[in-house]
Each structure stands twice: as C-alpha cells, then as structure tokens.
Amino acid sequence: RNLVLHHFANGYSAVNGCRQNETICVIFIFVALSPDFSWSKEVQAKLCSVFQLSNFRPLQRAAINLSMSGKDLFLVMPTGRGKSLCYQLPALCSKGFTLVIAPLVSLMEDQLMYLKSVDVPAVTLNASSTKEDSKHVLAGMIDKNSPFKLLYVTPEKIAKSKLLMSKLDKAYNMGLLTRIAVDEVHCCSQWGHDFRPDYKLLGILKRQFPKVPLVGLTATATSNVLKDCQKILCVQEPITLTAPFNRPNLYYEVRFKDNEDCTDQIAQMIRERYKNQSGIVYVFSQKDAAAVATDLQKKNILAQPYHANMEPSDKSLVHQRWSSKKIQVVVATVAFGMGIDKADVRFVIHHTISKSIENYYQESGRAGRDDGSADCIVFFGFADIFRISTMVVMENTGQQKLQNMVAYCQNVDRCRRAMMAIHFDEVWNDDECNQMCDVCRHGNDYITMDITKHARDVVTIVEMASSMDEKLTPLKVCDAWLGKGPAKHRKTIKVTSLSRLEVESVIIHLLLHGYFSEDFSFTPYTTHFYLKLGRKAALLKNGNHSITMKMRRRVMSPATVSQSINSAEVFIFHMQAVPPADSDDKKSFLRRRTKKYSSFIPYSQNKSM
Ligand SMILES: Nc1ncnc2c1ncn2[C@H]1C[C@H](O)[C@@H](COP(=O)(O)OP(=O)(O)OP(=O)(O)O)O1
Ligand SMILES: [Mg+2]
Ligand SMILES: [Zn+2]
C-alpha cells in the first residue's frame, strides 16, 4: 500500500477504472509499474537502442505494460510528454501491427518521418496515398511477416473504405491486428475542443475487433469528455491513466492589450528577449496571420504565416523552415497545432486569446517540449472577446468555454495553474507553481476594490439605451461611459473617472458574473454582439448589494492618496508612478516597482530565479 501511495505521490496521479472497483485499478497500476514482465527486457532495450532514450517519463512504463498485457486504456498526458511512445514501443515489441488513428495527414507524415529516422517500419493510408502505395499497404496487412509495425490512417478512411475494413477483418482473424491506438481521442466528443465527426464512427473498431486492446490518447480531456469518448468507442472497462497536467518549465503570463494592436510589443519581445530563439505567435484569423507576419517581417524578424487556407506544400515548407531554424517565428492560426513536435520552442505568444482553456493549454503546450524553460504569454484584448464570441455562437458550449478562457485571463487572484487544474478536475496546491506564473509572482500588485458604484453607472447606460429601444455593443458602452458618443446614453450618470482599461475590466467582470449578458443579433452576413442586462443586474437596485473585484494597485501621489483614502474611486494601471513621500512606503514602493518591472523579465531570461 505504501508503495502504491509513493507512486501516486510521485506523479502517477489519478487512476480511474470506469465502472471498475478502484482497488482493482490501483493493483493494475501498481503491477503495471513493475519492471518484471516477460516483455520488460525487450521494451527497455528498444527504448535505448531504437528510440535512443535512456529513461521513461512518468506513466509511460505503466501505460506500455498495461497495453502489452491487453488492457483497454485511456492515457491523458500533457502535450509533449511522449504519448506516442506508449503505442510505438509496444508495436515494435509485438507481432503483427498496430492500427493508429490520427486526425491530420500532416501529423501522420511527421510521425512517419520520425519513425523512418529511427528505422521503425511504418506506413499510412490516407486520401493522398497513391494506388500503388495503397495496394502495397493492404497486402502487407495480411502478410504473416508483417512488413510494417504501425499503420496510420485517418478516421475518414475507417468510415469510408470498405476495402480497408475487410482487410482489417482478415488481419484480425489471422491474429495480426495487435493493437489499436486512437490519437487525439478527445476528437470523438462534441464536448471536447476539437470535435471531428468521423471520430464518432470509430465505435465500429471495438465492435468488430473486440479482442484487440485499444489505447486512446489525449492531452486535454475533462472526465466528462473521457466518459463520452468511452461510450463512442464502445470500450467496456478501460483503465484511465492521468499524468499531472502541470508543465513546471512553462511560465504563464497574461497581458492586457492596451490598444488593438500589440504587434509592436510582440516584435520588441522577439527581438530582445527571444533573440535567435524559436517560437509561435497564435492569431485569431487567416487575415491576421498574414498581417501580423508582414508586420514582423518589416521589423526584421524572420516570420511566416501558417493557416488552413494555404496550399499543403506551402504549409509544409513553412513548417520545415521553422523546424530547421531558417525562420524564427510562425504566425499561425489554430491550424498549426496538433502534431507540431519541435523540441526547443522557447515562446508561444497569443496575439488573441484562445477560444477555450483546452485550446490554450494545447497551443501553449507547444513550448518547452525539451523540458527547458519557455514562456506562454497571452495578450488579452477587450474587443477580441466579442470577435470570438460571435464566431463560436453556433457551437454547443462555445460561450461557456470562451467564458472560462476569459475568466482565466481576467483572473489576477489565483495561480494560473490553479485555474487550469480546476478546469481539468485536478487537485492543485498553488505553492507548487514555484512563481512560474505572473499571478504568483506579482499577485501583490493587486488589491480588492469596491466597484458597486461603477457597476450601477454602467448598468444604467445599458438600461437607458434599452428604454430608448437601442442596443449597444460593448465598445459603445465603453465609449458612452468614457464620455464619447451621443450624450443621451449618459443622461443621468457622470463620465467615469476610470481609464479605458479599467472600464473594460469592470465590464468584463460584470459579464462574467451575470450582471450583463450577451445579446446576439444575426444578419445574413454577420453576427453582432450587444450587451443586455443579466440575471443579477436587478440586485444593484438593492442599496446593500455590493460588488468587489481585484484591480491593479494604482500608485498614487500623496495628494491623490489623501483625496481618495475613503473612496473606491481611484485604482489601477498608472504606469507613470510617483513614489510616496513616506520613507517606509517609499521602500516598499521601490520593491514593488522593481518587482513590477521584473515582471517583464520572463523566467527563461531571469537568471536569478
Ligand atoms: N522518455 C522520454 N525521454 C525523453 N524524451 C521523450 C521521452 N518520450 C518521448 N520523448 C520526446 C519525443 C518527442 O520529441 C517529444 C514529444 O513526444 P510526443 O509523443 O510527440 O508527445 P505527445 O504526443 O504527448 O504530445 P501532443 O499532445 O502534443 O501530441 O518527447
Ligand atoms: Mg501526440
Ligand atoms: Zn502560479
């Protein structure tokens, strides 16, 4: 029992046997960690001689042993931690071949290129396979000498190719279909972040080939998504191994976009902080990819765009040039994601927030796969929220997921890792972050403020517009509150004393907490996002109701301090700070300031940490 607990404490975290008795699962995992199976020597030898790796990473050995002993398995392991090895190595140590389902041709090609380089025979069948290639592969599947160990196919092939299914059937009967691996298994579920309809049809595999063990692999799946995948794949009693989601070498930071274009700031960071280092800049749209790449090029940065609408050969070229360090930065949409396995990515910067935490975790997870330190920085812009919101308006849980992402960015209170842990149903102790997020490093720069009066004012603006039968976009609401635009929108309230960033922050807070809600309006060409009163807005009529939020401490001159001491009026974002007169306060101010400016020195460059 103690040994099992020891393994758990050392990162072999959750083990859930769906519908299985927990004790049996604990025994399975315990046994699976043992190095004494009939295949253990061969597995260890090939780990070194073929894959040229000296040790397993957490959970790899358990996953391989469970898979080798014929168990069905879900493996949830952070991006870049080596899930592929957990089916490639068993494939190499078993007779017959392993069928691998992967969502993208580019992802398969990358894996084939890698396997070729280490002399593991692997082939693919996909829409771009030639007739000759297909013939060769189909024949190999039922060849007793198994000319290949891994066969990569897209889910579309399984859904559409009767010939492939009949060959698989034959191979199954001959005992040559040894294992099935479903990579990026979260694509099965509509609740996952990257649903692919053809994955829904993969249940046929377990129904047709019940004796073949299946392993589903993903970096990002909540327990509900996994349950859904299990049902879709018709897997009866899988064991789920979940490696801790945490990537200790990644530094997470969110920056508020103080104007629409943060490209200048990004360029400066790349030129100074990430000189000669590889990275990715994620953008919202194909248009943005082209524009931001051009902007960076103008600033003498070797950057190229990457998006789904480019010719496959152009995409490959950008990927190759980046992998071989001929260019420094790829400016990409989400199309540049799965299967990107460059080890030394030192920064992933989001020019625009992702549409969900799952997406963000996966995209930022492209950084630091070599275990070296790397930075993951998001630029959080007010207008971007509504651009994405209207884009995901038709997706099942699109708004909820976006809200979670916005809450992650807006948060200045809780360790960023804690936010992710809560999202992925993990237990997390904030101390383990090790100051590797901006909140843990700079949380003291924020204080709790009473914003009730501000909330009443801005709610009044929306209420008034509505009484005049007008709808206001969030940007219009900001303008009205800041004293721009028609005066009728602020008849009974004063122009706010808050800065634009503060105004935006308050509106986001009210939206996240139900004082405002979204009001979409559809035209044949576009969708508009308007603000309307949310379910909690009425509470503001009650004199006792109060709202607080964390705001960046405003550094004030002594005169301002005395004016504002009893007021919630003055806070935040004044970068032009004036040190306090009092000498103790001055010291702490200077400490804070040094700290604040060191906040712009990320971990990877901050040699003192
Ligand atoms: N035991 C190990 N020791 C050192 N490096 C390893 C080990 N196992 C795998 N790797 C390396 C090989 C790859 O370059 C890198 C990422 O592996 P890979 O299998 O592509 O990740 P993954 O599938 O978990 O990530 P993703 O979720 O992004 O697909 O890790
Ligand atoms: Mg992978
Ligand atoms: Zn933290």
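**Note on the predicted model: ligand, rings and loops**

1. Start at the ligand. Around ligand 1 there are 17 residues, and Asn 55, Gln 60, Gly 80, Lys 83 and Ser 84 come nearest. Keep in mind that this is a predicted model. By class, the 17 break down into four nonpolar, six polar and seven charged residues.

2. Now look at the oxygen atoms of ligand 1. One lies 2.8 Å from a polar backbone atom of Gly 80. Arg 81 also takes part through its backbone: an N or O atom there is 3.4 Å from an oxygen atom of the ligand. Lys 83 uses its side chain instead, where an N or O atom sits 2.8 Å from a ligand oxygen. How much of ligand 1 does the protein bury? Alone, the ligand exposes 630 Å², and the protein buries 82% of that.

3. Turn to the aromatic rings. The model has 15 aromatic pairs. One of them joins Tyr 360 and Tyr 408. Their ring centres are 5.7 Å apart, and the planes meet at 45 degrees. Is that stacked, tilted or edge-to-face? The pair is tilted, because stacked needs planes under 30 degrees apart and edge-to-face needs over 60.

4. Where do these two tyrosines sit? Tyr 360 belongs to helix H15 (residues 357-364), while Tyr 408 belongs to helix H17 (residues 398-410). The two parts are 48 residues apart in sequence, so the pair ties them together. Both Tyr 360 and Tyr 408 are buried.

5. Compare the pair of Phe 520 and Phe 529. This one is edge-to-face. The centres are 5.4 Å apart, with 85 degrees between the planes. Phe 520 and Phe 529 are buried too.

6. Rings can also join up in groups. Phe 245, Tyr 361, Phe 424 and Trp 428 are linked by ring pairs into a cluster. Find these four residues in the structure and trace the links.

7. Some rings have a charged side chain over them. Tyr 408, already met in the tilted pair, is one: the charged end of Arg 416 sits over its ring, 5.4 Å from the centre. Trp 322 is another, with Lys 342 over its face at 5.6 Å from the ring centre.

8. Next, a residue in a strand. Leu 217 is in strand S7 (residues 214-218). Is Leu 217 buried or exposed? Its relative accessibility is 0%, so Leu 217 counts as buried. Ile 232 is 15 residues away along the chain, and the C-alpha atoms of the two are separated by 14 Å.

9. Check the backbone at Gln 52. This residue is not a glycine, yet its phi is positive, at about 55 degrees. Gln 52 lies in the loop between helix H3 (40-49) and helix H4 (60-68). With a relative accessible area of 61%, Gln 52 is exposed.

10. Lys 325 deserves the same check. Here phi is positive at about 65 degrees, again in a residue that is not a glycine. Which elements flank its loop? Helix H14 (312-323) is on one side and strand S12 (329-332) on the other. The relative accessible area of Lys 325 is 45%, so this residue is partly exposed.

Conventions. Residues numbered from 1 in each chain as written. Chains lettered and ligands numbered in written order. Predicted model: local features only at pLDDT ≥ 70, side-chain atom pairs only at ≥ 80, totals over all residues. Heavy atoms only, no water. Phe/Tyr/Trp six-rings, centres within 6.5 Å; stacked < 30°, edge-to-face > 60°. Helix = DSSP H or I, 4+ residues; strand = E, 2+ residues; numbered from the N terminus. Buried < 20%, exposed > 50% of the residue type's maximum accessible area, 1.4 Å probe, protein only. Lys NZ or Arg CZ within 6 Å of the ring centre and 35° of its normal. Near = heavy atom within 4 Å. Polar contact = N/O pair within 3.5 Å; in protein donor to acceptor, adjacent residues only side chain to side chain. Areas by Shrake-Rupley, 256 points an atom, 1.4 Å probe, with all protein chains shown as cover. Nonpolar A, V, L, I, M, F, W, Y, C, P; charged D, E, K, R; others polar.
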